[in-house]
Amino acid sequence: MRQVVVPATGRAALTAGTVVLSFRPDAFRCAGLAAELADEWVELVEASRLGEGAGRVYITAMRAFLGYVDAEVTDAVSASLSRREPDLHRAVTEWVRVLPSQHAAGSRAPGWYAGRIRALVARRVQHPSRPVAGHLHGWVEGSVGVRRGGSTELDEFSRADKKKLIRAAAVARLAAQARVRHGRRLAAAGTDPAVGGWLVRENLLWAMARDMGGATEVLARLPLPASSLPRSLHDLAPEGLGWQNRGQLMRFLVAQLFLTSMDLHAYRILLMAATGRAPEEVAALTEDDIELGAGGVTIDFSKRRAHARMRQAFTSDTSPAGLLHPSGARLDAAEIIRELLELSRPLAVLARISPVPLFLRASLVGSSLQVGAMNRTRGQNFTDWLRVNELTVDGVADIRRLRKSVKVEKTIAFGGRISDVADDHSEATFRGHYAHGTTLRVIAGNVITTAQQRWLDQALAGPTVLDEQASESLADPRTAAALGLSAAEVEALRTGQLDMGVTDCTDPFASPFGRPGQLCPVAPLRCLECSNAFILPSNLPQLLLFADHLEQLALRLEPRHFHALWGQSRANLVEVLKSRTDVEIARARAQIAEERIVVHLPLSSRVEFDA
């Protein structure tokens, strides 16, 4: 038998720091091969300091592969990594090929198991005194031969669902806090039941709060049947209906002294919302991970899968204590943690658990009091908490979605900057686990909006309008420089060299509507939407003629079509004409008539209203 001691995880971690994992090579026909893999497993687990969960995955992978060798390899008894016959490379190849068929579509288990076996073989290849025969070297250096698999990523809770969860959790928290504090006050007022009587509620609570075996003794002292219990105890039942059996009364008394799994669901929701951390990070916290101060709390979070720890500080809520109508539940991480430690410490002391876990619950199993972490079994999981609190959410009822809600809010706050959003994990993890659904839409929307705004700032800023006085002041270099014009450009404007038909243009080859170096492809139709355009007093006749042209188009086109094509130009043109006096407009109309001025427009602008 091969054995290895690893750090305990899950419930076992509360009562024992380590756990022993064992593997029996002699349980397989290919015992020699099993012993070789088991030796590598022991060394790998010890060298990498793997936890209980990771160590068990290797055991499962070895059992799956060795079971296949026993069933499919003819001379399985002689199988060894150091022998060419039987050919284990062929056995590995066939096992990897059929492995996905033994699991659900898209499962990650085949990739995990094949990868674990390859890791064990790779360790043996690297050892100079442990030969590996055949073609297994090629498998170790190449592809594992099976897809990693994948899963459908969960999307976040809607804002409405998140508010419902936090509101319900806040109510449940207050109820749990009041219940346990009241129960402990009753226990403090009680006395030894051997002296004060075994049928007094305060005395029963006193006995259960002082000794782990108190619940067993209390249950043994309660009379049978339950109907013979005194009325004072029956009245404690919900709605005063009485107890059907003694177990119901005992579970009620346990809940008066200690938090239950259902209580811990509420605290986990609130602490996740307050810190933005994953459910497993929050539920694994102990008093050693907490540093409370006057201004808040500093927490050391552990990511077991990533073998990483991160220290993060949270300031306390500084809102006025006299606020009568708060906008939402109070999410003060320091306050929630203080309360959890207060309610969990007596149970940890009773069970001799140190350091004190924040999420510790008590339950009655048979006739004894059991202490452990959150119970996620049927009847005690998050879905059951939703049902008890009469809550419904859109989509899957999975607490991990709350973490993703926080990520979406952070994505929105930081404008989709991944480097800022992925502050508690890598950017690769963010892209793989969070950059989908609403998060991806926020990032994509931000990119599109930024691009659109850049185009709007350039193309729709509108022309620069100069009156008579401003036009004359262009001779002053300081005025020209303020407008971004060089002396050559000012001279070209004054001599009409930059006249584009409706307006003048400072640079027809740098149009925001075309490629750099290309002559503006939309002049003069879009000049009134271009920031390169300059409107001088001499342009007024052409502007009036262009306004007449737009009025004719407005009569011929559907309003929606006209607005889409010409709405911005018309709005800008109206503002330009408002800046001209009636005298200037009348003079321009007279000039049009006398000089028979016409505005030269592309043919397409005159026929676009035809079918």
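Which residue lies over the face of Tyr 58, and at what distance from the ring centre? Keep that one in mind for Exercise 2, and remember as you work that this is a predicted model.

**Exercise 1. Get an overview of the chain, and find a stretch to treat with care.**

Step 1: Start with the secondary structure. The chain has 27 helices and ten strands.

Step 2: Look at burial and contacts. Of the 611 residues, 44% count as buried. Take the contacts between residues at least 6 apart in sequence: 63% of them join residues at least 24 apart.

Step 3: Check the confidence. The mean pLDDT of the chain is 82, and 84% of the residues reach 70 or more. Now go to residues 320–326, where pLDDT stays under 50 and the model has zero contacts beyond four places in sequence. Where pLDDT is low, the predicted coordinates should not be read in detail.

**Exercise 2. Find two places where an arginine sits over an aromatic ring.**

Step 1: Here's the solution to the opening question. Arg 116 lies over the face of Tyr 58, and the distance from the ring centre is 5.7 Å.

Step 2: Now try Phe 301. Over its ring you'll find the charged end of Arg 277, 4.5 Å from the centre.

Step 3: Follow Arg 277 to its other partner. Its side chain makes a polar contact of 2.8 Å with the side chain of Glu 281.

Step 4: Look around Glu 281. This residue is part of helix H14, which covers residues 279–283. Leaving out residues up to four places away in sequence, Glu 281 touches Phe 301, Ser 302 and Lys 303. So Phe 301 has Arg 277 over its ring and is also touched by Glu 281, which counts as buried because its relative accessible area is 2%, under the 20% cut-off.

**Exercise 3. Describe the pair formed by Phe 23 and Phe 28, and decide whether each ring residue is buried or exposed.**

Step 1: Know what to report. A pair of aromatic rings is described by the distance of the centres and the angle of the planes.

Step 2: Put in the values. The structure holds seven aromatic pairs. One of them joins Phe 23 and Phe 28, with 5.9 Å from centre to centre and 20° between the planes. That pair counts as stacked because its angle is under 30 degrees.

Step 3: Check burial. Phe 23 has a relative accessible area of 1%, so this residue is buried. Phe 28, at 15%, counts as buried too.

Step 4: Widen the view. Ring pairs link Phe 23, Phe 28 and Trp 41 into a cluster.

**Exercise 4. Explain why Cys 520 and Cys 530 are not in disulfides.**

Step 1: Count the bonds. The structure holds zero disulfides.

Step 2: Take Cys 520. Its nearest cysteine sulfur belongs to Cys 527 and is 6.0 Å away. A disulfide needs the two sulfurs within 2.5 Å, so Cys 520 is in none.

Step 3: Take Cys 530. The closest cysteine sulfur is in Cys 505, and at 5.7 Å it is too far for a bond.

Step 4: Add the surroundings. Cys 520 counts as buried at 17% relative accessibility, and Cys 530 is buried at 6%.

**Exercise 5. Place Ala 122 in the fold.**

Step 1: Find its element. Ala 122 is in helix H5, residues 109–126.

Step 2: Check burial. With 18% relative accessibility, Ala 122 counts as buried.

Step 3: Compare sequence and space. Trp 139 is 17 residues from Ala 122 along the chain, and their C-alpha atoms are separated by 9.2 Å.

How values were computed:
Residues numbered from 1 in each chain as written. Predicted model: local features only at pLDDT ≥ 70, side-chain atom pairs only at ≥ 80, totals over all residues. Heavy atoms only, no water. Phe/Tyr/Trp six-rings, centres within 6.5 Å; stacked < 30°, edge-to-face > 60°. Buried < 20%, exposed > 50% of the residue type's maximum accessible area, 1.4 Å probe, protein only. Lys NZ or Arg CZ within 6 Å of the ring centre and 35° of its normal. pLDDT = per-residue confidence, 0-100. Contact = heavy atoms within 4.5 Å. Helix = DSSP H or I, 4+ residues; strand = E, 2+ residues; numbered from the N terminus. Polar contact = N/O pair within 3.5 Å; in protein donor to acceptor, adjacent residues only side chain to side chain.
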